[in-house]
Amino acid sequence: MSLKKFKFTKEFIADRCDYCGRCLAECPVLRFPPDKAVAEMHALVDGAPSEALDRCTGCMACNSICPRDADPHTLIVSRWSERNKREGLPYPAGLVLPHRKPNLYTLAMRSLSPQEQALVREWERNLNDPPPADTMIYAGCNMILQPFVMNSAIFRDIPIFGALHLCCGEPFYRMGCWDEAKAAAAHVQQEFRRMNLKRVIMPCLAGYHLFKHVYPAVFDTPLDVEVISIEDWLHDRIARGEIALAPLHMRAVIHDNCWPKASGDLLFDKVRALLDAIGVSVVEPPNTRERALCCGMCAGAARLQLRDIVRTAGERLRELEQTPADVIVNYCGGCDWLFNVVNVIYLSRYKKPRYHLLELVQQAAGEAPARLGVRRARQVIRTLTPRLIARYLRGGRFHLENP
Ligand code: SF4
Ligand code: SF4
């Protein structure tokens, strides 16, 4: 049976919900018994205390599961949003918010090599003073954290642009800080109009789904550009014979990320077709495609605690490690980055080499990808740890509207 697409909505569509409880009973994280799932749905809708609110990892599987397209994921994120406005955020959470400085991204940029810093400066120049091209690649924060993933002859024909201030708003959206996400969308809309862009290629499927679906449907901020996933773009170029490839003869367990669940089978199939084209046979982990577990990044939104992120990432890494594959492949810069960071925290317990899909494509094209992920993770941990400790010691909470 083919997997259904789902839409992002401004709010949970309560009229459609018949309290069947399937979303929370079949949730790959909660797996509530049927009676408890129904009771929890009532609690969520009524705004009462709920275990689901504390344990949800925001993986969006419930939206694929819901037979009535009621958007239960948005119900949970809306409740987080209300809580955040009411109680504020714990002080350490400020480190992951793109508009508060210093933050994870500004601190991590200090770890970039001179060559990578030069790349990011070039991307900023292309944003500020766009070259005469109607198609460009958008480097969001996940690529700015690891520019080496995009440093390839494969992308030489298409200008890349991006800067930390051109945030797509995804961290805000996932955490339930929707006013800030909407402001980010308005900024992106304004910048794309200034750049006169016609097509934008997205190396990140979070940004892809935000631009294509969330901006128009949830934020009333449509973009006047065609949005193309890098998976689609690469697949077409390979099919046209524009990238010469030698098969890699690898066996990789795949980590699907949350966002492509919204596109049904489309992007899951595209990524697998791309891997097939470069000679990588795919091993599916027990939780895969629409039931894929969160990498851990969004698990922090539930209780705004770092330990939830580390534990969730560790559980996913363990699941991937236990498969008979030679390597792990993912196709989200955020998942890739977080897995590397968390495995350093776990003292390199998980041994399978991890690759971003783009690194494998580069390798099949005869290049030698820089593979700087683990080194970058160690540098970031060294930079971030003292600041995290200071924020935990300070304690307290802040409200987003108060800088
Ligand atoms: S978003 Fe994921 S973890 Fe949260 S309730 Fe839905 S399926 Fe479960
Ligand atoms: S949101 Fe959907 S799956 Fe969940 S209880 Fe309502 S109808 Fe059932």
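In what sense do E4 and E5 pair, and over how many bridges? That was my opening question for this notebook. E4 and E5 run in the parallel sense, and four bridges hold the pairing. A reminder to myself before going on: this is a predicted model.

**Entry: the strands**

I picked one residue pair to follow by eye. Met202 sits opposite Ser229, which belongs to E5. Then I looked at what E4 does with strand E2. E2 covers residues 135–138 and E4 covers residues 199–202, and they pair in the parallel sense over three bridges. Here I marked Ile137, which stands opposite Ile201 in E4.

Next I traced the path from E4 to E5. Together with H11, these two strands make a β-α-β unit, and the unit is right-handed.

**Entry: the domains**

I wanted to know how the protein is divided. There is a domain 1 at 14–87 and a domain 2 at 94–398. Taken over C-alpha atoms, their centres are 26 Å apart. I also looked up who takes part in the contact: 23 residues come from domain 1 and 24 residues from domain 2.

**Entry: the nonpolar cores**

Which residues touch the most other members of the largest nonpolar core? I found Phe161, Phe192 and Phe211, in a core of 117 residues. Helix H11, residues 205–218, gives the largest share of this core, with eight residues. I then asked myself where the core lies with respect to the domains. Domain 1 and domain 2 both give residues to it, so the core lies between them.

I zoomed in on Phe192. Leaving out residues up to four places away in sequence, I listed Tyr138, Phe161, Leu166, Leu197, Val200, Phe211, Leu223 and Val225 as the residues that Phe192 touches. Two of the names on that list, Phe161 and Phe211, I had already noted alongside Phe192 for touching the most other core members.

There is also a second, separate core, made of 29 residues. Leu104, Ala108, Leu338 and Ala377 are among them. A background note for my own benefit: in soluble globular proteins, nonpolar side chains tend to be buried together.

**Entry: the salt bridges**

How many salt bridges does the structure hold? The count is 30. I went through a few of them.

Lys10 and Asp220 form one, with their closest N and O atoms 2.9 Å apart. This pair links distant parts of the chain, 210 residues apart: Lys10 is in the segment before helix H1 (22–25), while Asp220 is in the loop between H11 and strand E5 (226–229). I checked Lys10 for exposure, and it is partly exposed at a relative accessible area of 42%.

Are Lys270 and Asp232 buried or exposed? Both turn out to be buried. Their side chains meet in a salt bridge at 3.0 Å, N to O. Lys270 is in helix H13 (residues 265–277) and Asp232 is in helix H12 (residues 230–239), so I put this down as another pair linking distant parts of the chain, 38 residues apart.

My last stop was Glu242 with Arg240, whose side chains meet in a salt bridge of 2.7 Å, N to O. Glu242 is partly exposed, with a relative accessible area of 42%, and Arg240 is exposed, at 54%. I followed the partners outward from there: salt bridges with shared partners join Asp157, Arg237, Arg240 and Glu242 into one network.

Terms used: Residues numbered from 1 in each chain as written. Chains lettered and ligands numbered in written order. Predicted model: local features only at pLDDT ≥ 70, side-chain atom pairs only at ≥ 80, totals over all residues. Heavy atoms only, no water. Core = buried A, V, L, I, M, F, W, Y, C linked by side-chain atoms within 4.5 Å. Buried < 20%, exposed > 50% of the residue type's maximum accessible area, 1.4 Å probe, protein only. Domains from an automatic or database assignment. Contact = heavy atoms within 4.5 Å. Salt bridge = Lys/Arg side-chain N within 4 Å of Asp/Glu carboxyl O. Pairing = 2+ DSSP bridges. Right-handed = clockwise from strand over helix to strand, strands pointing away.
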